[in-house]
Amino acid sequence: MRDHPEEHPQSENRLDMLAQLKAVEGDTARHRLAYDRARANFANFAFLDHSIEWLRSAVGTKRKLSRVKVEQIGSDVNLRAALDAARQRISEIALQVDAIRNAPRDPKEAGKDMVAALRSIAQAGAPRIDLRRDGDPARLHEAVFSGTTGGTEGAIAFLVWCFASEIEAKLLAAMPSDAVAERKFGFAALDQARAALLAAERAEEAILCAMEAEGVSVFRRIDVDPRAVLELV
């Protein structure tokens, strides 16, 4: 308006327009501040959704829960440095858990699981023969066109049931003949790694509690184990 006065209303109206513009700018600034606060609060409490979901599941299954005493952090500890070290430890253990979980499996064990999955699908697709029915005791039209369990998935399950033996033979033949597990980890190794991860997260939570007691607010990780936050086992 200052640079091109000829393109704008008369001067008596400009002050009114500028006042309206400043009012809008003030509203925009307030809304932006509220938005930034909302985002900060979401980041600070995003971990709660996972924790609430876990707690509801535990209560729904009537799982027995016990309280875990939070470790007390000494007053001479540098809490910020301790938190950085704890989170570094958590990252390292999480990598170990992933390595164990994704390690190559024993081919025989993998073959058994593969066949079990196939047979489960075949069983779901098995037709229900009823000799009291006229014309189509096995409801084959329904099995082929609608699926015995409904929809396309049911029709595919029916075909798997029809050719289960052939599919099983092909799956086993497709298994690499030279497949050898590079690393063999049992369930015990995975359980131990997960237990170590939970212990590290409990240590992290103890540090966060100590920091909060000193008036320092620190965001919790969104993927933190709910048991560490809720102090439950």
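Is Arg87 buried, exposed or partly exposed? Select Arg87 and have a look: it is partly exposed, with a relative accessible area of 23%. Keep in mind throughout this tour that you are looking at a predicted model.

**The whole chain**

Zoom out and colour by secondary structure. You'll find 9 helices and 0 strands, so the pattern along the sequence is simply α-α-α-α-α-α-α-α-α. The protein has 233 residues, and 25% of them are buried. Switch on the surface and you get about 16900 Å² of exposed area, with carbon and sulfur atoms supplying 57% of it. If you display contacts between residues at least 6 apart in sequence, 74% of those join residues at least 24 apart.

**From Arg87 to Glu204**

Go back to Arg87 and add Glu204. These two form a salt bridge, with 2.7 Å between the closest N and O atoms. The pair ties together distant parts of the chain: Arg87 sits in helix α3 (residues 79–101) and Glu204 in helix α8 (residues 187–213), 117 residues apart. Glu204 counts as buried because its relative accessibility is 2%, under the 20% cut-off.

Now widen the selection to Glu201, Arg221 and Asp223. Together with Arg87 and Glu204, they are linked in a network of salt bridges.

**More charged pairs**

Side chains of opposite charge can pair when their charged atoms come close. The structure holds 12 salt bridges, and two more are worth a stop.

- Select Asp130 and Arg132: their closest N and O atoms are 3.1 Å apart in a salt bridge. Asp130 is buried at 18% relative accessible area, whereas Arg132 is exposed at 73%.
- Select Arg220 and Glu212: this salt bridge spans 2.8 Å from N to O. Here Arg220 is the buried partner, at 12%, while Glu212 is partly exposed at 39%.

**Between the helices**

Hide the charged side chains and select Leu79, Ala82, Leu83, Ala86, Ile207, Leu208, Ala210, Met211 and Val218. You've just picked out the largest nonpolar core, with 9 residues. Helices α3 and α8 each supply at least two residues of this core. In soluble globular proteins, nonpolar side chains tend to be buried together.

Pick Ala82 for a closer view. Leaving aside residues up to four places away in sequence, Ala82 touches Val77 and Ile207. Then try Ile90, Ile93, Leu190 and Ala200: they are among the 8 residues of a second, separate core.

**A nonpolar patch on the surface**

Next, bring the surface back and select Phe45, Leu48 and Ile52. They make a nonpolar surface patch of about 250 Å². Ile52 lies in helix α2 (residues 47–60) and counts as partly exposed, at 40% relative accessibility.

**Last stop: Glu231**

Where is Glu231 found? Follow the chain past α9 (226–230), and you'll meet Glu231 in the segment after that helix. Glu231 counts as buried, at 15% relative accessibility. Its side chain makes a polar contact of 2.8 Å with the side chain of Arg67. Show the other neighbours too: not counting residues up to four places away in sequence, Glu231 touches Ser66, Arg67, Val68, Val70, Arg202 and Cys209.

Conventions: Residues numbered from 1 in each chain as written. Predicted model: local features only at pLDDT ≥ 70, side-chain atom pairs only at ≥ 80, totals over all residues. Heavy atoms only, no water. Salt bridge = Lys/Arg side-chain N within 4 Å of Asp/Glu carboxyl O. Helix = DSSP H or I, 4+ residues; strand = E, 2+ residues; numbered from the N terminus. Buried < 20%, exposed > 50% of the residue type's maximum accessible area, 1.4 Å probe, protein only. Polar contact = N/O pair within 3.5 Å; in protein donor to acceptor, adjacent residues only side chain to side chain. Contact = heavy atoms within 4.5 Å. Patch = residues over 30% accessible without salt bridge, like charges linked within 9 Å, V, L, I, M, F, W, Y side chains within 5 Å. Areas by Shrake-Rupley, 256 points an atom, 1.4 Å probe, with all protein chains shown as cover. Core = buried A, V, L, I, M, F, W, Y, C linked by side-chain atoms within 4.5 Å.
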